[in-house]
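Open the model in your viewer and keep the sequence panel beside it. The tour moves from selection to selection and says what is found at each stop.

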Amino acid sequence: MHPFEPLIYLDNNATTAVDPAVVEEMLPFLTEHYGNPSSPYRMGKHVAKALETARCRVAQLIQSEPEEVIFTSCGTEATNAAIYSALAADPDKQHIVTTRVEHSATLKTCELLAKRGVEITWIGVDGKGQIDPEEVEKAVRSDTALLTVMWANNETGTLFPVQTLAGIAKKKGVYFHTDAVQAAGKIPLSSKDIGVQFMSLSGHKLHCPKGVGALYVNKKTRFTPFLTGGSQEGGKRGGTQNVASIVAFGKACELAANEIETKETTLRVLRDGFEEQLFQKIVNVQINGDKSSRLPNTSNLAFENTDAEALLMLLDEKNIACSAGSACTSGSVNPSHVLKAMGCSDTRARASLRFSFSLYNTLTEVDKAVDIIVKSVAKIRSL
Ligand SMILES: *Cc1c(COP(=O)(O)O)cnc(C)c1O
């Protein structure tokens, strides 16, 4: 089905294979429909119409209104835009509440802002990577500009109680942003039900090419552009739109929204089958994350007495792709900040691998992967 047939790709939280239907949809916008969507003649208008179709499709996935969707270059830009806009709303509110386990898009931005005088309150997590809403409530103040908490953690899959958090933000009159990059396409999301002001999305985590994302901004929320320039995106984001990628993103969101509950179940069957088999065949394996509140596709496992980097290399030789820590931190010597925040020892963090499934994976691949992982873990433990 996908072009890397021999590879068992279990790193779908890092990026995903592009759906052929998505490629087909975007191709005409790389060839004949190359017009600028802001141009007044027919080709421009045709392209502008395609942009609006994409906007409607993204809006449907998150149950928002189309005008609440701003296209960006990636999930990271969306998150930066939300944070900077919230800070621009009121110079007397320069305090942000966030967690210690956010993606680097949020984490590094807040660390930089802290150096510039913005006060950051970092909420910790328990052993399952879960936060305590009461602690969040206590941290939110009258001078808080933004509460920003991810919907689902990219490393462990732990789902945060965004509904409760949005309620807290509302009660305190504070803006709420959620990084929904990992949740989108895996579980149903609704901006309406939740009542958020900002929500970040990224295309390449849901079978669209890399380099396109979106920021949901509630229509009642005051917004200051992060990229100033032309009046594209309703004046909320300057720069000529990446039309082909946006068209692709729209198609990917349409496909993702289609029977999402069924997709969630399919992913869960793959992941749970994988874990059950591993637990039967390997001793001393533990799940990192909140088993009762977790993305259906993510399995972060600690294999005692192993080294994740070595294990990852062995698996790569056998054509299995997975991740040690997050994609953005692998290659570095530091253990994952998420596992550290959960209180994992360095040894356990360094013995942990993340496997993340997509609908392109099959039960046959799961069986094959389990077999190879069992042998590889045994090999490393015997050294
Ligand atoms: C991948 C990811 C991002 C960043 O999205 P990009 O489009 O790669 O910038 C942000 N947050 C989470 C949780 C992610 O997994």
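Begin in helix α2, which spans residues 42-62. Helices here are DSSP runs of H or I with at least four residues, strands are E runs of at least two, and both are numbered from the N terminus. Select arginine 55 and glutamate 52: they are 3 residues apart in α2, so about one helical turn separates them. Their side chains meet in a salt bridge, with N to O at 2.8 Å. A salt bridge means a side-chain nitrogen of Lys or Arg within 4 Å of a carboxyl oxygen of Asp or Glu. Arginine 55 is buried at 8% relative accessibility, while glutamate 52 is partly exposed at 37%. Buried stands for under 20% relative accessible area, exposed for over 50%, and partly exposed for what is in between, with a 1.4 Å probe and protein chains only.

Before moving on, note how the values were made. This is a predicted model, in which local features need pLDDT of at least 70 and side-chain atom pairs count only at pLDDT 80 or more, whereas totals for chains, interfaces and linings use all residues. Residues are numbered from 1 along each chain as its sequence is written, and side-chain values use heavy atoms, with hydrogens and water left out.

**Further salt bridges**

How many salt bridges does the structure hold? There are 16. For one of them, select glutamate 254 and arginine 57, whose closest N and O atoms are 3.3 Å apart. Glutamate 254 sits in helix α8 (residues 243-257) and arginine 57 in helix α2, so this pair ties together parts 197 residues apart in sequence. Glutamate 254 is partly exposed, with a relative accessible area of 32%; arginine 57 is buried, at 18%.

Next select arginine 237 and glutamate 77, another salt bridge, with the closest N and O atoms 2.8 Å apart. Arginine 237 is in the loop between β8 (213-217) and α8, and glutamate 77 is in helix α3 (residues 75-88), so the pair ties together parts 160 residues apart in sequence. Both partners are buried: arginine 237 has a relative accessible area of 13%, and glutamate 77 has 8%. Then add Glu25 and Lys251 to the selection of Arg57 and Glu254; salt bridges that share partners join these four into one network.

**The ligand**

Select the ligand and its surroundings. Which residues surround the ligand? They are Cys74, Gly75, Thr76, His103, Met150, Asn154, Asp179, Val181, Gln182, Ser202, His204 and Lys205. A residue is counted as near a molecule if one of its heavy atoms lies within 4 Å of it. By class, this shell has 3 nonpolar, 7 polar and 2 charged residues. The classes take Ala, Val, Leu, Ile, Met, Phe, Trp, Tyr, Cys and Pro as nonpolar, Asp, Glu, Lys and Arg as charged, and the others, Gly among them, as polar.

Three distances can be checked here. A polar backbone atom of glycine 75 is 2.8 Å from a ligand oxygen. In the side chain of aspartate 179, an N or O atom is 2.6 Å from a ligand nitrogen. A polar side-chain atom of serine 202 lies 2.7 Å from a ligand oxygen. Taken alone, the ligand exposes 380 Å², and the protein buries 90% of that. These areas come from the Shrake-Rupley method with a 1.4 Å probe.

**Strand β7**

Stay with serine 202 and extend the selection to strand β7, residues 198-202, where 5 of 5 residues are buried. Phe198, Ser200 and Ser202 point one way from β7, and Met199 and Leu201 point the other way.

Show the neighbouring strands. β6 (residues 175-179) runs parallel to β7 and is joined to it by 3 bridges; histidine 177 stands opposite phenylalanine 198. β8 runs antiparallel to β7, with 5 bridges joining the two, and leucine 215 in β8 stands opposite serine 200. Strands pair if DSSP finds at least two bridges between them.

**Two last stops**

Select serine 190, in the loop between β6 and α7 (191-194). Serine 190 is buried, with a relative accessible area of 7%. A polar atom of its side chain lies 3.0 Å from the backbone nitrogen of aspartate 193.

Finish at threonine 347 in helix α12 (residues 346-349). Is threonine 347 buried or exposed? At 64% relative accessibility, threonine 347 is exposed. Measuring from its C-alpha to that of leucine 112 should give 29 Å, for a pair 235 residues apart in sequence.

Note on methods
Polar contact = N/O pair within 3.5 Å; in protein donor to acceptor, adjacent residues only side chain to side chain.
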